[in-house]
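Here is a short report on the structure shown below. It is meant for a reader who is new to it.

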Amino acid sequence: MAILKEVSCVKYRDGEFVEAKHEVAEEAPLAISVNGTHFVTAMLSPEMKREFVIGYLLTEGIIKELAELESVQIENHNASALVAHFLPGISGKKFIVSGCGGGTSFLDESKLPQITSRLEIEQDSVFAAVKATLTSQVHRITGGVHLVGLFVAEAHEAKPICIAADIGRHNAFDKVIGYGLLNDVPFDYAFVACSGRISSEMVLKCAKTNIALIASHGATTSLAIALAEKTGLCIIGFVRGEAMNVYTHAERIRH
Amino acid sequence: MNERIRADFPITSAVVYMDSAATSLTPEPVVEAVSRYYREYNANVGRGVYRLAQIATQRYQDAHRKVAHFLGATEGEVIFTKNTTEAINMVAYGLHWQRGDEVVTTLLEHHSNFLPWMRLKEKGVRVKIVKPTLDGRFELAEFEQAITEKTKMVAVSQVSNVLGAIAPVKELAALCAEKRTETGPLVLVDGAQSAPHLPLDVSGLGCDFFACAGHKMLGPTGTGVLWAKDPELLEPAFFGGGMIETVSQDAYTLASGYERFEAGTPHIAGGIGLGRAVDYLTNVGMEQLSRYEARLTQRLLEGLESIEKVRLYGPSDLRDRIGVVSFTVDGVHPHELARMLDEAANIMVRSGHHCCMPLMDYLGLKNGTVRASLYLYNLEEEIDALLEAVAAIARAV
């Protein structure tokens, strides 16, 4: 898998140092240009690059729908996107670091998108989705990386659409959004499960794509909760075993 | 075909256009794509690092990919040319010929798939010409007889631009594959009349080269395509800027990809427009388009057959042909008939030899024919208008 790379290391075991090999998550830059102008350079796990670029352009508001994206060419560490409308105002030189809180969206509460999705799901769907995400093949192989799963609520089931891994949580999120766009997934009926902390950035990405629910094995933050209240997003944290904490818009959980 | 399509071709509100086999009308989205290049990102391709150059380059590259996808080219290289003629000449010039090599072509070829091979006679190449039946169909056995171990190239049209007849190119390519040695026969398919009208899969066709005209398939004039399954077989016909990796005082290395064959500044806006044109055709759906045209063709053929003094040329079975329909009216010169159709009925049709003089000789039609050629923007009412006008002229003779 492109997400892993075998490296040399010296292991310390039982009082001794020994030469060894170990697999680590691969991290690589991807410089994205939009209409010929450098827009952002992301550090990411180098797989699902196309999905990442498309998802990122959507969640950053550069495009509102796939039809606005006329071309994406990816060559090694460069991605070049052409969008239908000319963007004289785009000036990039931004950098997404692979760690946490590296999002690039501006926070202007007056421009917060409102989620119009009427999604309601059952608690069992939440458990099933988080479990499916955490036990995915990707996670078993790599460990350590962040995982985001995109699911569609169908009858009483959570139908898995795509599970993406990345060294960055937001990157993994953008990858599943890109996958969803490319595959005509109805985001009004979709929700997201993830392995890591739900940040304000993740909330904004959900709001921009009209995804009404995000559930995680991990925690969330005060700002994420405040924004989720206003946008209509249901945040669920600490989904573990038979337990979960619903922080906002609990009416989206049928019980 | 719906109103929306019709609205994309403003000329159709002014005239009845039935000369699509010569050049098709251009839909608004293609005009828009061309004008956007000049208005918004006019720059040369493959040379600059600045923003406009990058946008132009990316769109021009995308256009190649779109055309490759449209043609079903899963391998090889799609090269943009200015027309089918240039594409075929690039093959005739680009292959290495030896005295005694043979080319097999047919008597119903457009001059563009005839003269480039005839010219090779100067190099000692022998050109063999397979004759069709009088309605433009071929027996595979005729080709089998013509192909020898010296045959380097078999060059045929997939659809006749005079008779509308569809040639069995897939079967012919399979026959050539059976006989294939290190030197040939290679197969070139002239798809000028097939690419605009039939669903295509050039990789599955079994040919080595496929040439077609962008301007006959809703693209701008000055656009054509050559698909080469193995571009290494071809020496570039033109040398100069944009087609090299490096140049020193006494050596050069050629670029890879289509750039190798597109020396100099290409028709950038045209190429991008052609990319938009194949998007347009894909959105309409080639299967659907082909079925629609078959309905129009049937109406036209049945109508013409019922008019006294009208002679029809080409296959009568719709499975063997497309909507390129040649006919004559006894006692009326084809040019005169075409002029009358324009002046009296506002209908634009082609007349004369249609760049197929050897075929006209063979059919004994020294004045040629009138040719009505249809496309997705034509309507049944327009067919009826043509039939009515032809009937009136025939009665008056």
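## An enclosed helix

What covers the buried residues of helix α5 of chain A includes α1 (49-59), α4 (169-182), β11 (190-194), β12 (213-216) and α6 (222-231) of chain A. The model is predicted: local features need pLDDT of at least 70, side-chain atom pairs count only at pLDDT 80 or more, and totals for chains, interfaces and linings use all residues. Residues are numbered from 1 along each chain as its sequence is written, while chains are lettered from A and ligands numbered from 1 in the order in which they are written.

Helix α5 of chain A spans residues 200-209, and 10 of its 10 residues are buried, so the rest of the structure largely encloses α5(A). A residue is buried if 20 or more other C-beta atoms lie within 10 Å of its own, exposed if 12 or fewer, and partly exposed in between; C-beta atoms are placed from the backbone. Helices (H or I, at least four residues) and strands (E, at least two) are DSSP runs, numbered from the N terminus. Among the buried residues of α5(A) are Glu201(A), Lys205(A) and Lys208(A). Just after α5(A), Asn210(A) has a positive phi of about 65°.

## An open hairpin

Strand β1 (residues 4-13) of chain A is another case. Of its 10 residues, the number buried is zero, so β1(A) lies largely in the open. It runs antiparallel to strand β2 (residues 16-25) of chain A, joined by 10 bridges. Two strands pair if DSSP finds at least two bridges between them. Tyr12(A) stands opposite Phe17(A) in β2(A). The two strands, β1(A) and β2(A), form a hairpin with two residues between them. In the turn, Asp14(A) has a positive phi of about 50°.

## Two domains and a second chain

Chain B has domain 1 (3-26 + 285-396) and domain 2 (29-283); such bounds come from an automatic or database domain assignment. Their centres, taken over C-alpha atoms, are 27 Å apart. The contact takes 30 residues from domain 1 of chain B and 32 residues from domain 2 of chain B. Two residues are in contact if their C-beta atoms, placed from the backbone, lie within 7 Å. On the domain 1 side, α10(B) gives the largest share, five residues.

Chain B also meets chain A: eight residues of chain B contact eight residues of chain A. Helix α3 (residues 51-71) of chain B supplies the largest share of the chain B side, seven residues.

The table splits two contact sides by class. Ala, Val, Leu, Ile, Met, Phe, Trp, Tyr, Cys and Pro count as nonpolar, Asp, Glu, Lys and Arg as charged, and the others, Gly among them, as polar.

| Side | Nonpolar | Polar | Charged |
|---|---|---|---|
| Chain B, touching chain A | two residues | two residues | four residues |
| Domain 1 of chain B, touching domain 2 of chain B | 14 residues | 10 residues | six residues |
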